[in-house]
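Trainee: I have a model open and would like to learn how to read its sheet, one of its helices and its nonpolar interior. Could we go through these in turn?

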Amino acid sequence: ARITRQMSSDSVSSINSLSSACSMTSQQSAATDGDAGKGKKKKKGWLRSSFSKAFAKKKNRNGSMSDCEMDMGSLRSNASAPNSPLLQVHMPNGPSFIKGSHSSGAIYEAEDVSTVLDLRKQLRDKDMKLTDTRLEALSSAHQLEQLRETMTKMKNEMSALKADNDRLQRMMVGSRGLNSSQSSLIVHSRTNSDSLERSISVQEQPSLEMLLSESQDREGKRVTMTVYLGSKPSPLRLGTDVLKPAEVLIGSLSVSGKTKWDILDNIVRKILKEYVLRVDPVTNLGLSAESVYSYHISEIMRTKEAELPELLPIGYLVGETMQIGICLKGTKQNSVDSLAFETLIPKSIVQRYVSLLLEHRRIILCGPSGTGKTYLAQKLAEHLVLRSGKELTAGSVATFNVDHKSAKELRQYLANIADQCENSSAGELPSVIILDNLHHVGSLGEVFNGFLSVKYQKCPYIIGTMNQATCSTTNLQLHHNFRWVLCANHMEPVKGFLGRFLRRKLVEAEVRTGIRNNDLNKIIDWIPKVWLHINKFLETHSSSDVTIGPRLFLTCPMDITASQIWFIDLWNYSIIPYMLEAVREGLQVYGRRAPWEDPTDWIMETYPWTVSKEEDSQLLRIRQEDVGYDTPGIITSTPQPKAKSAEATTENGDQLVSDV
């Protein structure tokens, strides 16, 4: 016989339940089957031995029994044992068998399965979490790569924008037109130099801060900028080292070790452009940044075509060399830019004067006293000499002042010049002859009689000056041989000259001190208005022949207190006496043509200085009885034709007087 065991036979710990079940069964069997006798003892012994072998095998397999070891001797089983629900024993003589218990093995199997399932579930959860973590890491790496690519693109774009900005700054100097009503952003980044940084929303109207100092670079050196004067500007006057050239201070800037030559080129041209805009807000004198031919630092001359010096600009600003000198285009470049800057006359008007001289070789400047006719004649003469390729020497320009010469001496001088021209000895003659104050000559026709027949090309240039009062009395022959240029107070270039001259002085003073004074600026703007008001008063009560030129006001000091003292003295001791005399003569010639208004009233209404009641009486006044206005009112009289013609003159610029 053989015992078949179930799958739960590996378990040992559940024998207690089996023994208790078997004990109960054997007690019941003993009560009912007591008569079985000896025949059953064999089966009992066989069953007991089978159990012993089975459990002995179990012990050897697992190494130990369960917590409650079973006592095989206490089991009193018999043939009724098959009814036990715990064991089923296969009988050799029949089909019956004993079934083993499921409780011990199934319990442990259930626990193992549930544990495995839990572990698998935990493993799946951890795998899911690990997968999520890996996905997040991959996503973060991808985002990081995108960020790096974006940063690289931004860096490239910034480099391109910076390069475009630098290029636009260089192009802006020559291409962008000035407009006082439009503000432009000039993005002056500190790419190559801190000296390029300025306000930056630099408005198109002139900024004094830029004129005073191009930047506030503490590490740089403050360098002043000047413009050399003359039709042939040069750092050296007359080729000598002794004489310092005439120059005008226009601004200052800061040059540091970061300032490169191309940046300095732009700054120099920008400062000149802003300067001419402030001096002449209407026409800019016809000049621009392109008017700059070169600038000089020590012995270095910087032009557009020149190669870069070995050192940066800061390397040449050593010792006492703290100045940059600008040379404008002049006679070498066949230009009048430098002449226009020096004379403060717009370029178009200066070009017209030069063209008249080159074509006709003889002109007469006609206008009231004090309008700058003699000064203009001298500058035109210097320009003609240099334009012809000659050096400006003492004998190249001859000035004949008619005030100190008689008409006979002038006639002899001109006759001598004519003889030398006919004898082809023009090399010994001056290139230009200036005849100043020709109105003192009684008969110009007799003076120029022998001179007018000389050929133009062999004769020196002739520039004459004459007061406006005698312009219409010259004979007809002079009008055919001379070109007449009218220099009147009510027309350019005289009309705006005073304002341009005073603003030049103001900028120079502000650059020297580094301070802008708005009160002084108001005074400088007020002086030209006073001049126009005085001339309007003189024209009203006399004629344009007695108007005064701007020369009286050119000496205005660039100081608030000093300028007030200067104006009071000028008004009381120069202007008032002149107006009294002019109005008296006007009343005798023209009569009373307008109601009387004291010109001092307007002066006090617009007075730019702060004045107390005690100081109010410092300015002299003109009373009606002082000039012959005994009673108020208007007494009309027929004005002289001369006054009409003077008032009817056009204001479109300088014109040639062609009518007698």
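Mentor: Let us begin with a definition: two strands are said to pair if DSSP finds at least two bridges between them. In general, strands of a sheet pair through backbone hydrogen bonds, and the pairing is either parallel or antiparallel. Please keep in mind throughout that this is a predicted model.

Trainee: In what order do the five strands of the open sheet lie, and is the pairing parallel or antiparallel?

Mentor: The order is β7-β8-β9-β6-β10, and the strands are paired in parallel. At the edges lie β7 and β10 (483–486), each of which pairs on one side only. On average, and with direction ignored, neighbouring strands of this sheet are turned by 20° against each other.

Trainee: How many bridges join β6 to β10?

Mentor: There are four bridges between these parallel strands, and in one of the pairings C366 has L486 in β10 as its bridge partner. Helix α8 packs on the sheet, where it touches β6, β7, β8 and β9, and its direction makes about 175° with that of β9.

Trainee: What span should helix α8 have, and how far apart are its end C-alpha atoms?

Mentor: The expected span is 1.5 Å times one less than the number of residues, so the 15 residues of α8 (residues 373–387) should span 21 Å, and the end C-alpha atoms are indeed 21 Å apart, which agrees. After the helix comes G389, whose phi is positive, near 90°.

Trainee: Which residues of α8 are buried, and what do they pack against?

Mentor: An α-helix has 3.6 residues a turn, so residues three or four places apart point the same way. In α8 the buried residues include K373, L376, A377, L380, L384 and H383. Besides the strands β6 (362–367), β7 (397–401), β8 (432–436) and β9 (461–467), the buried residues pack against the helices α6 (337–343) and α7 (347–360).

Trainee: Which residues touch the most other members of the largest nonpolar core?

Mentor: They are I250, F341, F553 and F567, in a core of 97 residues. Helix α14 (residues 560–590) gives the largest share of this core, twelve residues. A second, separate core has 24 residues, among them I364, V402, L429 and I433.

Trainee: Why does C327 count as buried, and how many disulfides does a search of the whole structure find?

Mentor: Buried means under 20% relative accessible area, so C327, at 3%, counts as buried, and C459 is buried too, with 2%. A disulfide is a covalent bond between the sulfur atoms of two cysteines; the search of the whole structure finds zero disulfides.

Terms used
Residues numbered from 1 in each chain as written. Predicted model: local features only at pLDDT ≥ 70, side-chain atom pairs only at ≥ 80, totals over all residues. Heavy atoms only, no water. Helix = DSSP H or I, 4+ residues; strand = E, 2+ residues; numbered from the N terminus. Buried < 20%, exposed > 50% of the residue type's maximum accessible area, 1.4 Å probe, protein only. Contact = heavy atoms within 4.5 Å. Axes fitted to C-alpha atoms, helices over the stretch in contact; angles between N-to-C directions. Disulfide = S-S within 2.5 Å. Core = buried A, V, L, I, M, F, W, Y, C linked by side-chain atoms within 4.5 Å.
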